[in-house]
Amino acid sequence: LSHVSKIELEIKDLEALKAACQRLGFKFRKVKRPINGMVAGLETVHYLEGITEEELGKCDHAIHVPGAKYEIGIVKKGKSLSLLWDSWVKGGLEKHIGKDAGKLKQIYAVEKIRLEARKKGMKILESIKPKSIRLTLSI
Amino acid sequence: LKEIVIEVSDDGEVRLETKGFEGKACLEESQF
């Protein structure tokens, strides 16, 4: 019997996010100061509902992307982690993390699945396709 | 053989297919 589902991705696991950053060559850090970026204007800032303009750039963690002037902020909201970033072209982030941070979300999902599959003792086979990554888990 | 095939696209969309499971076991095993 075969079942197919589509899943809405929610970022919750800090360890998986750190693993994704490592895989992509990004530097994950706990911030003591506002992150770099988010100066271009609100039209290019990807941020959360409920965050005020004054709160922009004040995050719990940050991701530094080599080659980009701006950084990605991570804000804790309940059990979820939200990415806060500015796609202004001169900030250089979109080139590295994809439109709507798609590339970063993809690698986060892959690392989260690998982490959980290892806990369950599953065998993991990963294959890279032109526009996707396929994980085959077997028991 | 029980298998879970997960396709993660480069925009972060996740598609999951389970094979060889019976009943609710596929839901339990594919909780990530």
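Strand 6 of chain A, residues 80–86, is mostly covered: 7 of its 7 residues are buried. The model described here is predicted. Both faces of strand 6 are covered. On one side sit A:Ser80, A:Ser82, A:Leu84 and A:Asp86, all buried. On the other side are A:Leu81, A:Leu83 and A:Trp85, and these are buried as well.

Next comes the partner strand. Strand 5 of chain A pairs with strand 6 of chain A in the antiparallel sense, over 5 bridges. The two strands form a hairpin with 2 residues between them. In the turn, A:Gly78 has a positive phi of about 65 degrees. A:Lys77 has A:Ser80 of strand 6 as its bridge partner.

Follow strand 5, residues 71–77 of chain A, to A:Ile74. A:Ile74 counts as buried because its relative accessibility is 0%, and the cut-off for buried is under 20%. Its contacts include three residues of the strand 6 stretch: A:Leu81, A:Ser82 and A:Leu83. A:Ile74 also touches A:Leu17, A:Phe28, A:Asp60, A:His61 and A:Ile63, among others. A:Cys59 is another contact of A:Ile74. A:Cys59 and A:Ile74 are 15 residues apart in sequence, yet their C-alpha atoms are 5.6 Å apart in space.

Now turn to the interface with chain B. Here 30 residues of chain A are in contact with 26 residues of chain B. The two chains bury about 2500 Å² between them, with 54% of it on carbon and sulfur atoms. Polar contacts join 8 residue pairs between chain A and chain B, both members at pLDDT 80 or more. On the chain A side, strand 1 (2–7), helix 3 (102–119) and strand 8 (132–138) each supply at least two residues. Helix 3 gives the largest share of that side, 10 residues. By class, the side of chain A that touches chain B has 13 nonpolar, 8 polar and 9 charged residues.

Charge also appears across this interface as a salt bridge, and the count is 1. The salt bridge joins the side chains of B:Glu7 and A:Arg134, at 2.8 Å from N to O.

Strand pairing crosses between the chains too. Strand 8 of chain A pairs with strand 1 of chain B, residues 3–9, in the antiparallel sense. This pairing runs over 7 bridges. Within it, A:Ser138 stands opposite B:Glu3 of strand 1 of chain B.

Conventions. Residues are numbered from 1 along each chain as its sequence is written. Chains are lettered from A and ligands numbered from 1 in the order in which they are written. This is a predicted model: local features need pLDDT of at least 70, side-chain atom pairs count only at pLDDT 80 or more; totals for chains, interfaces and linings use all residues. Side-chain values use heavy atoms; hydrogens and water are left out. Contact means heavy atoms within 4.5 Å. Buried area is the accessible area (1.4 Å probe) that two parts lose on being put together, summed over both. A salt bridge is a side-chain nitrogen of Lys or Arg within 4 Å of a carboxyl oxygen of Asp or Glu. A polar contact is a pair of N or O atoms within 3.5 Å; within protein, one must be able to donate a hydrogen and the other to accept it, and residues adjacent in sequence count only if both atoms are side-chain atoms. Helices (H or I, at least four residues) and strands (E, at least two) are DSSP runs, numbered from the N terminus. Ala, Val, Leu, Ile, Met, Phe, Trp, Tyr, Cys and Pro count as nonpolar, Asp, Glu, Lys and Arg as charged, and the others, Gly among them, as polar. Two strands pair if DSSP finds at least two bridges between them. Buried means under 20% relative accessible area, exposed over 50%, partly exposed in between (1.4 Å probe, protein chains only). Lists of a residue's contacts leave out its neighbours within four places in sequence.
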